[in-house]
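Here's a quick briefing on the structure shown below. Have a look at the model first, then go through the notes by topic.

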Amino acid sequence: MDERQRLKAGTSALVTLGVVMVAALGVLVWDYARTKEVTNTGAIVVLVGAAGVFALMQRVLGAEAPRSLMGVELPTGADAPSRRRRRRAYLVEALLSAVALTGLSLAGLVLGDRQALTSALPFAVQGTPGLAALLATEFLALFAVSYAIDWALGEWSSKAVERQYARLDG
(Lines give C-alpha, C1' and ligand atoms only; values in the text may rest on other atoms or scores of the structure.)
Protein backbone atom coordinates (compact mmCIF):
# COMPACT_ATOMS: atom_id res chain seq x y z
CA MET A 1 0.00 0.00 0.00
CA ASP A 2 1.55 3.30 -1.05
CA GLU A 3 1.30 6.62 0.80
CA ARG A 4 -1.79 7.85 -1.10
CA GLN A 5 -3.75 4.66 -0.43
CA ARG A 6 -2.71 4.70 3.19
CA LEU A 7 -3.80 8.33 3.50
CA LYS A 8 -7.19 7.61 1.90
CA ALA A 9 -7.80 4.57 4.11
CA GLY A 10 -6.80 6.52 7.21
CA THR A 11 -9.00 9.47 6.25
CA SER A 12 -11.97 7.16 5.67
CA ALA A 13 -11.46 5.50 9.05
CA LEU A 14 -11.20 8.85 10.79
CA VAL A 15 -14.37 10.13 9.09
CA THR A 16 -16.22 6.98 10.15
CA LEU A 17 -15.04 7.37 13.75
CA GLY A 18 -16.06 11.04 13.65
CA VAL A 19 -19.57 10.05 12.56
CA VAL A 20 -19.77 7.47 15.37
CA MET A 21 -18.66 10.10 17.90
CA VAL A 22 -21.23 12.62 16.67
CA ALA A 23 -23.96 9.96 16.79
CA ALA A 24 -23.04 8.97 20.36
CA LEU A 25 -23.00 12.62 21.38
CA GLY A 26 -26.41 13.06 19.76
CA VAL A 27 -27.77 10.12 21.76
CA LEU A 28 -26.41 11.65 24.97
CA VAL A 29 -27.88 15.08 24.18
CA TRP A 30 -31.25 13.48 23.36
CA ASP A 31 -31.12 11.48 26.60
CA TYR A 32 -30.37 14.64 28.59
CA ALA A 33 -33.08 16.68 26.83
CA ARG A 34 -35.64 13.96 27.52
CA THR A 35 -34.82 13.00 31.11
CA LYS A 36 -32.53 15.82 32.38
CA GLU A 37 -29.97 13.11 33.18
CA VAL A 38 -27.30 11.31 31.22
CA THR A 39 -27.76 7.66 32.03
CA ASN A 40 -26.88 5.96 28.75
CA THR A 41 -23.66 4.24 29.74
CA GLY A 42 -23.30 2.57 26.36
CA ALA A 43 -23.27 5.90 24.53
CA ILE A 44 -20.73 7.30 27.00
CA VAL A 45 -18.45 4.29 26.52
CA VAL A 46 -18.80 4.52 22.73
CA LEU A 47 -18.05 8.25 22.77
CA VAL A 48 -14.98 7.94 24.98
CA GLY A 49 -13.75 4.81 23.22
CA ALA A 50 -14.24 6.29 19.76
CA ALA A 51 -12.45 9.47 20.82
CA GLY A 52 -9.51 7.41 22.06
CA VAL A 53 -9.39 5.31 18.90
CA PHE A 54 -9.77 8.48 16.81
CA ALA A 55 -6.76 10.10 18.48
CA LEU A 56 -4.71 6.90 18.27
CA MET A 57 -5.48 6.36 14.58
CA GLN A 58 -4.74 9.97 13.77
CA ARG A 59 -1.31 9.61 15.37
CA VAL A 60 -0.50 6.16 13.99
CA LEU A 61 -1.75 6.51 10.41
CA GLY A 62 0.31 9.49 9.53
CA ALA A 63 2.51 12.10 10.99
CA GLU A 64 0.94 15.51 10.80
CA ALA A 65 2.75 18.73 11.48
CA PRO A 66 1.54 20.53 14.60
CA ARG A 67 -0.93 23.32 13.89
CA SER A 68 -1.68 26.56 15.64
CA LEU A 69 -5.09 27.39 17.02
CA MET A 70 -6.03 29.03 13.72
CA GLY A 71 -5.03 25.91 11.77
CA VAL A 72 -1.75 27.27 10.44
CA GLU A 73 0.89 24.58 10.09
CA LEU A 74 3.80 25.16 12.46
CA PRO A 75 7.41 24.55 11.42
CA THR A 76 8.80 21.14 12.34
CA GLY A 77 12.50 21.93 12.27
CA ALA A 78 14.85 21.48 15.19
CA ASP A 79 16.40 24.94 14.75
CA ALA A 80 15.86 27.66 17.36
CA PRO A 81 13.42 29.87 15.35
CA SER A 82 11.15 26.89 14.60
CA ARG A 83 11.12 25.78 18.22
CA ARG A 84 10.46 29.35 19.37
CA ARG A 85 7.50 29.68 16.98
CA ARG A 86 6.03 26.37 18.18
CA ARG A 87 6.47 27.33 21.84
CA ARG A 88 4.73 30.65 21.20
CA ALA A 89 1.80 28.78 19.60
CA TYR A 90 1.62 26.38 22.57
CA LEU A 91 1.66 29.37 24.93
CA VAL A 92 -1.27 31.06 23.17
CA GLU A 93 -3.28 27.83 23.07
CA ALA A 94 -2.63 27.13 26.76
CA LEU A 95 -3.57 30.69 27.70
CA LEU A 96 -6.83 30.56 25.76
CA SER A 97 -7.70 27.12 27.15
CA ALA A 98 -7.06 28.24 30.71
CA VAL A 99 -9.12 31.42 30.22
CA ALA A 100 -12.02 29.46 28.70
CA LEU A 101 -12.10 26.77 31.38
CA THR A 102 -11.68 29.28 34.21
CA GLY A 103 -14.52 31.30 32.67
CA LEU A 104 -16.70 28.20 32.73
CA SER A 105 -15.83 27.67 36.38
CA LEU A 106 -16.67 31.27 37.15
CA ALA A 107 -20.00 30.88 35.36
CA GLY A 108 -20.67 27.75 37.39
CA LEU A 109 -19.94 29.61 40.62
CA VAL A 110 -22.13 32.55 39.61
CA LEU A 111 -25.04 30.50 38.28
CA GLY A 112 -24.78 27.52 40.60
CA ASP A 113 -24.84 26.88 44.31
CA ARG A 114 -21.49 28.12 45.61
CA GLN A 115 -21.68 26.05 48.75
CA ALA A 116 -22.30 22.83 46.83
CA LEU A 117 -19.55 23.58 44.32
CA THR A 118 -16.92 24.42 46.92
CA SER A 119 -17.86 21.82 49.54
CA ALA A 120 -15.97 19.07 47.68
CA LEU A 121 -12.68 20.90 48.16
CA PRO A 122 -10.34 19.70 50.91
CA PHE A 123 -10.08 23.26 52.23
CA ALA A 124 -12.61 25.95 53.08
CA VAL A 125 -13.25 28.73 50.58
CA GLN A 126 -14.86 31.74 52.18
CA GLY A 127 -15.97 34.98 50.61
CA THR A 128 -15.02 36.71 47.41
CA PRO A 129 -11.25 36.78 48.09
CA GLY A 130 -11.29 33.02 48.64
CA LEU A 131 -13.17 32.43 45.39
CA ALA A 132 -10.81 34.77 43.54
CA ALA A 133 -7.81 32.87 44.93
CA LEU A 134 -9.45 29.58 43.96
CA LEU A 135 -10.07 30.79 40.39
CA ALA A 136 -6.52 32.18 40.12
CA THR A 137 -5.07 28.88 41.31
CA GLU A 138 -7.30 27.01 38.89
CA PHE A 139 -6.20 29.28 36.04
CA LEU A 140 -2.52 28.72 36.80
CA ALA A 141 -2.95 24.96 37.11
CA LEU A 142 -4.98 24.74 33.90
CA PHE A 143 -2.42 26.87 32.09
CA ALA A 144 0.48 24.72 33.25
CA VAL A 145 -1.22 21.42 32.40
CA SER A 146 -2.47 22.67 29.04
CA TYR A 147 0.96 24.04 28.08
CA ALA A 148 2.65 20.78 29.07
CA ILE A 149 0.21 18.69 27.05
CA ASP A 150 0.36 21.01 24.02
CA TRP A 151 4.14 21.05 24.17
CA ALA A 152 4.49 17.27 24.49
CA LEU A 153 2.04 16.48 21.69
CA GLY A 154 3.35 19.23 19.42
CA GLU A 155 6.97 18.25 19.81
CA TRP A 156 6.12 14.59 19.31
CA SER A 157 4.26 15.50 16.12
CA SER A 158 7.07 17.64 14.78
CA LYS A 159 9.63 14.90 15.43
CA ALA A 160 7.36 12.33 13.79
CA VAL A 161 7.08 14.54 10.70
CA GLU A 162 10.85 14.97 10.56
CA ARG A 163 11.31 11.17 10.90
CA GLN A 164 8.83 10.61 8.09
CA TYR A 165 10.65 13.15 5.87
CA ALA A 166 13.95 11.40 6.58
CA ARG A 167 12.42 8.00 5.78
CA LEU A 168 10.95 9.25 2.49
CA ASP A 169 14.18 11.04 1.50
CA GLY A 170 16.49 8.20 2.43
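Let's start with one charged pair: Asp-31 and Arg-34 both sit in helix α1, three residues apart, which is about one turn of the helix. An α-helix has 3.6 residues a turn, so residues three or four places apart point the same way. Keep in mind that this is a predicted model: local features need pLDDT of at least 70, side-chain atom pairs count only at pLDDT 80 or more, and totals for chains, interfaces and linings use all residues. Residues are numbered from 1 along each chain as its sequence is written, and side-chain values use heavy atoms, with hydrogens and water left out.

**Salt bridges**

- Searching the whole structure turns up two salt bridges (a side-chain nitrogen of Lys or Arg within 4 Å of a carboxyl oxygen of Asp or Glu).
- Asp-31 and Arg-34 make up one of them, with their closest N and O atoms 3.6 Å apart.
- Asp-31 counts as buried because its relative accessibility is 7%, whereas Arg-34 is exposed at a relative accessible area of 56%. Here, buried means under 20% relative accessible area, exposed over 50%, and partly exposed in between, using a 1.4 Å probe and protein chains only.
- Arg-86 and Glu-155 also meet in a salt bridge through their side chains, at 2.8 Å from N to O. This pair ties together distant parts of the chain, with Arg-86 in helix α3, Glu-155 in helix α5, and their positions 69 residues apart.
- Arg-86 and Glu-155 are both buried.
- As background, side chains of opposite charge can pair when their charged atoms come close.

**Helices**

- Helices are DSSP runs (H or I, at least four residues), just as strands are (E, at least two), and they're numbered from the N terminus.
- Helix α5 covers residues 127-169, so to speak a run of 43 residues, and reaches 62 Å from its first C-alpha to its last, close to the 63 Å expected at 1.5 Å a residue. That expected span is 1.5 Å times one less than the number of residues.
- The buried residues of α5 include Leu-131, Leu-134, Leu-135, Asp-150, Glu-155 and Val-161.
- Helix α3 has 32 residues that should span 46 Å at 1.5 Å a residue, and its end C-alpha atoms are indeed 46 Å apart.
- Among the buried residues of α3 are Ser-82, Arg-86, Tyr-90, Glu-93 and Leu-109.

**Surface patches**

- Arg-83, Arg-84, Arg-85, Arg-87 and Arg-88 form a positive surface patch. Patches are made of residues with over 30% relative accessible area and no salt bridge, joining like charges within 9 Å and nonpolar side chains (Val, Leu, Ile, Met, Phe, Trp, Tyr) within 5 Å.
- For the charges, Lys and Arg count as positive and Asp and Glu as negative, while His and the chain ends are not counted. The place of a charge is NZ of Lys, CZ of Arg, CG of Asp or CD of Glu.
- Arg-83 belongs to helix α3 (residues 80-111) and is partly exposed, with a relative accessible area of 35%.
- A nonpolar patch on the surface is formed by Leu-69, Met-70, Val-72, Val-92 and Leu-96, with about 500 Å² of accessible area together. Accessible areas come from the Shrake-Rupley method with a 1.4 Å probe, and for residues only the protein chains shown count as cover.
- Val-72 is in the loop between α2 (41-61) and α3 and is partly exposed at 43% relative accessible area.

**Sequence versus space**

- Ala-13, in helix α1 (residues 3-35), is 41 residues from Phe-54 in sequence and 8.5 Å from it in space, C-alpha to C-alpha.
- Ala-55, in helix α2, is 38 residues along the chain from Leu-17, with 9.9 Å between their C-alpha atoms.
- Gln-5 and Thr-41 are 36 residues apart along the chain, and their C-alpha atoms are separated by 36 Å.
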